[in-house]
Structures are given as structure tokens and as C-alpha cells.
Amino acid sequence: MIESGVTFDSAQFVMDNEIARMIKHIVGGIRVDDESLAVDDIASVGAFGDFLSLDATMRHMRELSQPTVLDRRVREDWEARGSTDLYTRCRTTAKEILAEYQPPQLGDDVKRRIRAIVEETDRAVGVTAPA
């Protein structure tokens, strides 16, 4: 418990972000209408037909959540690509994010406002600037 304030797992943060994105997607609602139910397509293709070749399938497939670290491939494909677990993928993603991150540059007006806040706080608590 002592280290809870200073310990952070960037891989866990990536994982939590993925889960939060999926929850946000579901909370946004699921469209239910004639187009999304595709009753006519289902009737025409039949129970054991090929739905992947339908235009409606292509139109609606992106309506599913689009995970970035969760792996939805079949087991054989997952194994063929190295069998990496979720934590490993999240850790790799976190390292890439940290390596590529460039902090935004503050404009002069923002720097002046921050400086004014610091100086005002210094005066309020009786701290003097070094000579």
C-alpha cells in the first residue's frame, strides 16, 4: 500500500484504456433497425450461407468495437504470429507510445500565465525569488 502512490504500470494503463474504449462503444448504443438486422439478407442467404461476401456485412463490420491490443484472431493464427499474451502486447504498445511521444509546445501566452501564477503563489506564501 505504501508504494501505491508511486507505482504505475504503463501496460496496465494501455489495457485499461482498451477496456474503457470498448465500454464507451457499447454505452453509445447498438443500432437496431431493418438495415442493421439484415433480415432480408439472412433470409436470402440461409442458415449456412456465406454472409461475409454481402455488401451489408462490409458496411456494418466497422460498427463493432475496434480493439488495438486485444487479439480476436483464431487460435491457429494467434499461435502462428507468436502467441503473445495481452500483457506483452500492452507493454509493447506502452513502450512505443512513450518512445514516440512529443509533448505539445506551450505558447508564450500560456508560459506567461503559468509564470504569473507561480509568482503570485510565491508572494502569497512568502517565498522570495533567488537573487
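The following exercises, each with a worked solution, examine a predicted model of a protein.

Residues are numbered from 1 along each chain as its sequence is written. In this predicted model, local features need pLDDT of at least 70, side-chain atom pairs count only at pLDDT 80 or more, totals for chains, interfaces and linings use all residues, and side-chain values use heavy atoms, with hydrogens and water left out.

**Exercise 1. Confidence**

Task: State the mean pLDDT of the protein, and identify which elements have the lowest and the highest mean pLDDT.

Solution. The term comes first: pLDDT is the predictor's confidence in each residue, from 0 to 100. The protein has a mean pLDDT of 87, and 93% of its residues reach 70 or more. Elements are DSSP runs numbered from the N terminus: helices (H or I) of at least four residues and strands (E) of at least two. Among these elements, helix α4 (residues 55-60) has the lowest mean pLDDT, 80, while α6 has the highest, 95.

**Exercise 2. Helix α1**

Task: Compare the span of α1 with its expected value, and describe the two ends of the helix.

Solution. The expected span of a helix is 1.5 Å times one less than its number of residues. Helix α1 covers residues 10-27, 18 residues in all. From first to last C-alpha, α1 reaches 25 Å, close to the expected 26 Å. At the N-terminal end, Asp9 acts as a cap, with a side-chain oxygen 3.0 Å from the backbone nitrogen of Ala11. This is a polar contact (a pair of N or O atoms within 3.5 Å; within protein, one must be able to donate a hydrogen and the other to accept it, and residues adjacent in sequence count only if both atoms are side-chain atoms). After α1 comes Gly29, which has a positive phi near 100°.

**Exercise 3. The two sides of α1**

Task: Determine which residues of α1 are buried and why they share a side of the helix.

Solution. Buried means under 20% relative accessible area, exposed over 50%, and partly exposed in between (1.4 Å probe, protein chains only). The buried residues of α1 are Ala11, Val14, Met15 and Glu18. They lie on the same side of α1 because they cover an arc of only 100° around the axis, where the arc is that of the directions from the helix axis to the C-beta atoms. A general rule applies here: an α-helix has 3.6 residues a turn, so residues three or four places apart point the same way. The face turned away from the buried side of α1 carries the exposed residues Phe13, Lys24 and Val27. The cover over the buried residues of α1 includes α6 (86-100).

**Exercise 4. Glu18**

Task: Establish whether Glu18 is buried or exposed, and what its side chain reaches.

Solution. Glu18 is found in α1 and counts as buried, at 2% relative accessibility. Its side chain reaches the backbone nitrogen of Thr68 at 2.7 Å and the backbone nitrogen of Val69 at 3.0 Å. Contact means heavy atoms within 4.5 Å. Not counting residues up to four places away in sequence, Glu18 touches Pro67, Thr68, Val69 and Leu70.

**Exercise 5. Helix α6**

Task: Describe the span, start and faces of α6.

Solution. The 15 residues of α6 should span 21 Å, and its end C-alpha atoms are 21 Å apart, which agrees. At the start of α6, a side-chain oxygen of Asp85 reaches to within 3.1 Å of the backbone nitrogen of Tyr87. Arg89, Cys90 and Ala94 are buried in α6. These buried residues fall within an arc of 135° seen down the axis, so they line one face of the helix. They pack against α1 and α5. On the face of α6 turned away from the buried side are the exposed residues Lys95, Ala99 and Glu100.

**Exercise 6. The largest nonpolar core**

Task: List the residues of the largest nonpolar core and find which element gives the most to it.

Solution. A nonpolar core is a set of buried Ala, Val, Leu, Ile, Met, Phe, Trp, Tyr and Cys residues joined through side-chain atoms within 4.5 Å. The largest has 6 residues: Ala11, Val14, Met15, Val69, Cys90 and Ala94. The elements giving two or more residues to this core are α1 and α6, and α1 gives the most, with 3 residues. Leaving aside neighbours within four places in sequence, Val69 is in contact with Val14, Glu18, Leu86, Arg89, Cys90 and Thr93.
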